[in-house]
Every structure is written in structure tokens, then in C-alpha cells.
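Visitor: I have a model open and would like to go through it. Could we begin with the terms?

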Amino acid sequence: MIVSIHVATGAAGGLLGGSRAAAAAIGPVLHFLGDRIPHQDIDSRRFEVGTGVLGVLALALVRGPFDPATVGAVASAVPDVEH
């Protein structure tokens, strides 16, 4: 799954959860579910990392680094860090 999609779904989940704790809990679940959807990864690691980082930075700048949307985005994207 494209990292920016994990960031976006995590942010949405964080907003719906309404708290940082809920966002941190739902982020990995959304990541798992997103990876179950048939998809083709993009071959450019640079693009993947760049779009993911920019998405999280944009959320942090607009909503704040501890906003549930930002926390959810990070929590949903973090499982791909090992790549």
C-alpha cells in the first residue's frame, strides 16, 4: 500500500476516534486492513517515504503534532518503517 494512503486513513481514523489514545490504537488496525486490500506497490522508495513524510508534516503543521489526526497518521504509517 502506498504510505500516503496509510497516512490518510490513519488521519481519518484519528479524527473519528477523537483522542490521541484512540488514534494510536486504531492506526495499526487501519494499516493492517489497508495491506489486505489487493494493490501494487510503487517501486520508488524515495516517492513512498517522501509522500508519507510530507503528509505527516502537513498534518502536524495544520492541526498540530499531538492532534488525533496526526497521531493516527503516524500510527498507521509506522508499521512500514522497516521497509
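Guide: Certainly. Buried means under 20% relative accessible area, exposed means over 50%, and partly exposed lies in between (1.4 Å probe, protein chains only). This is a predicted model: local features need pLDDT of at least 70, side-chain atom pairs count only at pLDDT 80 or more, and totals for chains, interfaces and linings use all residues. Residues are numbered from 1 along each chain as its sequence is written, and side-chain values use heavy atoms, with hydrogens and water left out.

Visitor: Is Thr-70 buried or exposed?

Guide: Thr-70 counts as buried because its relative accessibility is 3%. This residue lies in helix α4; helices are DSSP runs of H or I with at least four residues, numbered from the N terminus.

Visitor: What does the side chain of Thr-70 reach?

Guide: The side chain of Thr-70 reaches the backbone oxygen of Gly-64 at 2.9 Å. Not counting residues up to four places away in sequence, Thr-70 touches Val-56, Leu-59, Ala-60, Arg-63, Gly-64 and Pro-65, where contact means heavy atoms within 4.5 Å.

Visitor: Arg-63 has a charge to place. Which residue forms a salt bridge with it?

Guide: Asp-67 does, and the closest N and O atoms are 2.9 Å apart. A salt bridge is a side-chain nitrogen of Lys or Arg within 4 Å of a carboxyl oxygen of Asp or Glu. Arg-63 is partly exposed because its relative accessible area is 40%, whereas Asp-67 is buried because its value is 17%.

Visitor: How many salt bridges does a search of the whole structure find?

Guide: The search finds one.

Visitor: Turning to the interior, which residues make the largest nonpolar core?

Guide: The largest nonpolar core has eight residues: Val-3, Val-7, Ala-11, Val-56, Leu-59, Ala-69, Ala-73 and Ala-77. Helices α1 (3–17), α3 (45–63) and α4 (68–77) each supply at least two residues of this core. Such a core is a set of buried Ala, Val, Leu, Ile, Met, Phe, Trp, Tyr and Cys residues joined through side-chain atoms within 4.5 Å.

Visitor: What does Ala-77 touch?

Guide: Leaving out residues up to four places away in sequence, Ala-77 touches Val-3, His-6 and Val-7.

Visitor: And where is Gly-14?

Guide: Gly-14 is in helix α1. This glycine is buried because its relative accessible area is 0%. Beyond its neighbours within four places in sequence, Gly-14 is in contact with Ser-19, Ala-23, Ile-26, Pro-68, Ala-69 and Gly-72.

Notes:
Polar contact = N/O pair within 3.5 Å; in protein donor to acceptor, adjacent residues only side chain to side chain.
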